[in-house]
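Student: I have a model to go through with you. Could we take it question by question?

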Amino acid sequence: MFRIIRNSRIPKILSVFMPINAIALYPFIFLKDDGEERVISHELIHIAQQKELFIIGFYLLYVYYWVKGLLKGKGVNLAYLEIPFEVEAYKNENKRIYFMYREKYAWKKYR
C-alpha cells in the first residue's frame, strides 16, 4: 500500500542537495507537481524495492552505492545514476505496471 502526495514541498526542500521532481519515502510518494505517469512509475519501483528490503535496508544500500560512486570520482549526478535501484527504475519506468510483476531483488541485476 502506498499514497501519492501531489504538489508536495518535500521534493523542493530536498532539491537543496540535487534537483528532484519526486521521492519515494515508504509508504509515500511525494511529487513536486501533478506528476507524469513515468515519474510515478519510477517511484512505484522504488516503493517495491523499499518493501523487499524492509525499508531501512533500502536506504542503507542506497547511501552505500551513492558514496561508493562518489569515492570512485563519479561526481554527484553520475554516482546517483549508477545506483542499482536507480538503474532498475530508469530502465523500467515506461512499463506502467512493472512494479507489480518485477522479480524480487531485480535491482541486483543492475549492480
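The turns below go from the whole chain to the sheet, and then to one residue.

Student: This is a predicted model. In what order do the elements of the chain run from the N terminus on?

Tutor: The model is predicted, as you say. Its secondary structure comes to 6 helices and 3 strands. Read from the N terminus, the order is β-α-β-β-α-α-α-α-α.

Student: How does the radius of gyration relate to what the globule rule gives for 111 residues?

Tutor: The C-alpha atoms fill a box of roughly 35 × 35 × 25 Å along the principal axes. For 111 residues the globule rule gives 13 Å, and the chain is close to this, so it is as compact as a globular protein of that length. The radius of gyration of the chain is 13 Å.

Student: What share of the contacts with a separation of 6 or more comes from residues 24 or more positions apart?

Tutor: Buried residues make up 39% of the 111 residues. Among contacts with a separation of 6 or more, the share from residues 24 or more positions apart is 52%.

Student: Which strands lie at the edges of the sheet?

Tutor: The sheet is open, has 3 strands with mixed pairing, and follows the order β1-β3-β2. An edge strand here pairs on one side only, which holds for β1 (3–5) and β2 (22–25). Neighbouring strands are turned by 15° against each other on average, direction ignored. The edge strands are thus β1 and β2.

Student: Which residue in β3 is the bridge partner of Ala24?

Tutor: Strand β2 is joined to β3 (residues 28–31) by 4 bridges, and the two run antiparallel. Within β3, the partner of Ala24 is Ile29.

Student: At about what angle does α2 run to β2?

Tutor: Helix α2 covers residues 37–52. This helix lies across β1, β2 and β3. Its angle to β2 is about 20°.

Student: Is Glu52 buried or exposed?

Tutor: Glu52 belongs to helix α2. A residue counts as buried under 20% relative accessible area. The relative accessibility of Glu52 is 5%, so the residue counts as buried.

Student: Which residue has its backbone nitrogen 3.1 Å from a polar atom of the Glu52 side chain?

Tutor: Leaving out residues up to four places away in sequence, Glu52 touches Arg102, Lys104, Tyr105, Ala106 and Trp107. The backbone nitrogen that lies 3.1 Å from a polar atom of the Glu52 side chain belongs to Tyr105.

Technical notes: Residues numbered from 1 in each chain as written. Predicted model: local features only at pLDDT ≥ 70, side-chain atom pairs only at ≥ 80, totals over all residues. Heavy atoms only, no water. Buried < 20%, exposed > 50% of the residue type's maximum accessible area, 1.4 Å probe, protein only. Polar contact = N/O pair within 3.5 Å; in protein donor to acceptor, adjacent residues only side chain to side chain. Contact = heavy atoms within 4.5 Å. Pairing = 2+ DSSP bridges. Axes fitted to C-alpha atoms, helices over the stretch in contact; angles between N-to-C directions. Rg over C-alpha atoms; globule rule 2.2 N^0.38 Å.
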